[in-house]
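Here are my notes on the chain, set out as numbered points. Please read them with the sequence and the structure open.

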Amino acid sequence: MNYKLENIDLKAKKYRTVVLSFCFALFSIASFAQKISSSIDSTSIKIGQELIYSIEVEVDTSSLVVFPEGQTFLPLEMIESYKVDATKLGDRFKLIKKYGLTQFDSGTYTIPRQKILIGDYEAFTDSLKVEVRTIEVDTTQQPLYSIKPIIEVDKSPSNWWLYFLIIIVSLALVAFLLYWFIWRQKPLTEEEKVALLPPYERAKLALVELDKSGYLQNDEIKEYYSELTGIIRKYLDEKVYDHALESTTEELINRLNLLRDGNQIDLSKEDIDNIDTILRRADLVKFAKSKPDKELAIMDRNTIDMEIDQVKEALPEPTEEELLADLKYQEELEEKRRKRKVVITVVASIILLVATYIGFGMYFGFKYVKDTILGDSSLELLEEKDWVTSEYGAPGVIITTPKVLERKSTELPEHLKNQVQVATFGYGNASTNFDIAVISTKMASTEPPGGHDQEETKEDENKIDLIQVAEAHLKNFESRGTKNIITKSEQFITPNGQEGLKTYGTADFVTENGNEERGNYVILGFTTQNLLQEVILVWKDDDVYADQIMERILDSIELIKLEEDEE
């Protein structure tokens with residue numbers, strides 16, 4: 001018996017603890033909510049007059065507070081966001097944030113609730129009503145003028161021709177540089193012209209140049225004999241013995257005698273002796289500092305001239321095989337030159353393309369440049385100039401999309417065809433990285449048989465739960481094989497002030513080829529009695545251009561009317 005009483009006492013204490021904890025939690029939430037307030041300096045303003053909207057928040061010194069930014073006050077327009085005024089109250093801060101709002105159309109407007117982030121907590125202000133009055137004009141004092149006619153404005157000219165001209169000029173400049181420095185047949189220098197002459201003509205020309213050198217006039221005998229022997233040695237090196245330049249005089253003469261004895265060259269012994277005499281005299285001049293007179297030097301020059309002729313006559317005529325081999329060599333040499341020009345052109349073009357890619361990549365971003373060159377469907381749609389703004393459904397959802405949404409057929413069960421009207425519009429296929437769907441569902445209203453209480457009961461029964469609608473779409477995702485669905489929900493307010501539910505997150509979607517791909521989704525729901533309007537967006541997770549497209553679409557959504565049609 002005592003055991004039972006003790007158990008009852010323990011249970012009562014637990015219940016009291018739970019109740020007290022719940023009460024304290026409610027009290028803390030209520031006390032926290034009281035720390036946020038909003039106000040306006042006037043409930044009635046003139047058209048275009050500034051209205052001061054104030055948000056007052058009291059928090060401790062460690063809390064991070066994020067106030068609303070951007071056009072979140074629609075249908076009123078924010079014209080200025082003032083700095084936060086902070087006042088310290090002991091261990092707490094009192095923060096006051098003010099906004100300058102206005103409206104240029106008369107009427108009664110509701111400033112929607114504003115979301116304030118305090119740490120990880122989301123708080124909302126109350127909605128406020130404001131009246132925008134017209135400005136009275138005394139037409140007896142201020143004359144009225146007729147409406148001015150519409151003036152046609154020429155469409156701003158496109159600059160595509162300028163970009164096209166820049167590309168053409170750049171390509172022409174590159175082609176000209178490649179032609180001028182690589183492919184153009186450059187005029188030959190004097191040295192190149194001489195190098196192309198046959199060895200005999202080159203040797204004869206060298207003797208003429210030796211006569212013009214002035215070595216003998218300047219008494220430069222050593223230089224004169226060095227040039228003279230160099231001419232005969234070079235000629236012999238090219239036509240008779242390919243080591244004549246680096247051989248000594250004795251080695252060269254021995255080689256000439258061997259060639260004569262072997263009947264490989266029809267050169268007399270007297271000619272070989274003449275060459276030997278001049279080469280040995282040149283060695284004495286260079287190494288023994290001998291200095292023959294100028295007349296002897298001129299005689300040696302004439303002897304070399306004669307011996308060059310003798311060597312030319314002594315050489316056998318080239319055979320047909322040798323001529324063909326020489327022709328083939330020339331063709332191979334020309335082919336090597338052509339290949340060298342092609343390689344230089346290709347390398348220069350690649351360097352130019354890489355430099356251009358790096359330059360544009362540093363300015364525009366490498367991913368953007370790559371996707372522009374290779375082509376990206378999402379980027380093409382994002383940069384589409386003529387985005388379509390259209391109304392879908394009745395009452396309509398106004399939305400701006402890259403392409404017009406197509407009407408989709410919706411199959412309904414027979415028992416629902418007379419009760420539900422569904423209009424579905426969509427865009428997206430296997431080649432796009434996103435899908436867009438706009439669904440408008442209108443249910444037939446029924447007249448309650450009773451009085452006012454029964455009408456309210458009927459309205460509660462017909463009220464559409466947006467959370468359940470979002471959950472139905474998520475279950476539909478799962479039925480199609482979608483996995484790892486992460487879900488978040490928050491209030492969504494359109495630019496014209498309509499409130500709805502935004503359900504969003506990420507998931508692993510199954511593609512048409514059966515692969516799993518990470519993606520993002522947004523489910524927007526708007527409802528009044530008997531009417532449900534939805535916008536569903538699904539796009540690839542790692543597509544930055546699809547992210548920008550969806551952000552632009554979300555910012556464009558407006559609802560024409562979200563109220564029950566009057567009979």
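**Notes on the predicted model**

1. D219 counts as partly exposed, because its relative accessibility is 40%. This residue is found in the loop between α4 and α5. Although D219 is not a glycine, its phi is positive, at about 60°. The model is a predicted one, and the backbone at D219 should be read with that in mind.

2. The two helices on either side of that loop pack on each other. Helix α4 covers residues 199–212 and helix α5 covers residues 221–239; the angle between them is about 175°, and their axes are 10 Å apart. Since angles over 145 degrees count as roughly antiparallel, α4 is roughly antiparallel to α5. On the α4 side the contact is made by P199, Y200, R202, A203, A206, L207 and L210. On the α5 side, Y224, E227, L228, I231, Y235, E238 and K239 take part. By class, the residues of this contact are ten nonpolar, four charged and no polar.

3. N484 is a second residue other than glycine to check for positive phi, with a value near 50°. N484 lies in strand β17, which spans residues 483–493. With a relative accessible area of 52%, N484 is exposed, because the cut-off for that class is over 50%.

4. Strand β17 belongs to an open sheet of seven strands, in the order β14-β15-β16-β20-β19-β18-β17, with antiparallel pairing. The edges are β14 (406–408) and β17; each has a single partner strand, so one side of each is left without a neighbour in the sheet. On average, neighbouring strands of this sheet are turned by 20° against each other, direction ignored. At the β14 edge, three bridges join β14 to strand β15 (residues 420–427), and the two run antiparallel. One pair to look at is E406 with its bridge partner G426 in β15.

5. Two helices contact this sheet. Helix α13 (residues 466–479) packs on it and touches β16, β17, β18 (499–510), β19 (516–528) and β20 (531–540). The direction of α13 makes about 155° with that of β19. Helix α14 (residues 544–556) lies across β16, β17, β19 and β20, and runs at about 165° to β20.

6. S440 sits in strand β16 (residues 434–443). Its relative accessibility is 4%, so S440 counts as buried. Leaving aside residues up to four places away in sequence, S440 touches G393, A394, P395, Q421, V422, A423, L531, L532 and Q533. One of these, G393, returns in the next point.

7. Strand β12 (residues 388–392) and β13 pair in the antiparallel sense over five bridges. In this pairing, T389 has T400 in β13 as its bridge partner. The two strands form a hairpin with four residues between them, and G393 in the turn has a positive phi of about 90°. Strand β13 (residues 397–401) is mostly covered, with four of its five residues buried. β13 is also joined by two bridges to strand β21 (residues 558–559), and these run antiparallel. There, V397 is matched with L559 in β21.

8. A further open sheet has three strands in the order β4-β9-β10, with antiparallel pairing. β4 (65–66) and β10 (121–124) stand at its edges with a single partner strand each, so one side of each is left without a neighbour in the sheet. Two bridges join β4 to strand β9 (residues 115–118), and the two run antiparallel. V66 stands opposite L117 in β9.

9. Which peptide bond is cis, with omega near 15°? The bond from L74 to P75 is. P75 is placed in the loop between β4 and β5 (77–81).

10. Some totals for the chain follow. The secondary structure comes to 14 helices and 21 strands. Of the 567 residues, 30% count as buried. The chain exposes about 37,900 Å², and carbon and sulfur atoms supply 55% of that area. Among contacts between residues at least 6 apart in sequence, 58% join residues at least 24 apart.

Key: Residues are numbered from 1 along each chain as its sequence is written. This is a predicted model: local features need pLDDT of at least 70, side-chain atom pairs count only at pLDDT 80 or more; totals for chains, interfaces and linings use all residues. Side-chain values use heavy atoms; hydrogens and water are left out. Axes are lines fitted to C-alpha atoms, for helices over the stretch in contact, and angles run from 0 to 180 degrees between N-to-C directions. Angles under 35 degrees count as roughly parallel, over 145 as roughly antiparallel, 65 to 115 as roughly perpendicular and the rest as oblique. Contact means heavy atoms within 4.5 Å. Ala, Val, Leu, Ile, Met, Phe, Trp, Tyr, Cys and Pro count as nonpolar, Asp, Glu, Lys and Arg as charged, and the others, Gly among them, as polar. Two strands pair if DSSP finds at least two bridges between them. Buried means under 20% relative accessible area, exposed over 50%, partly exposed in between (1.4 Å probe, protein chains only). Accessible areas come from the Shrake-Rupley method with a 1.4 Å probe; for residues, only the protein chains shown count as cover.
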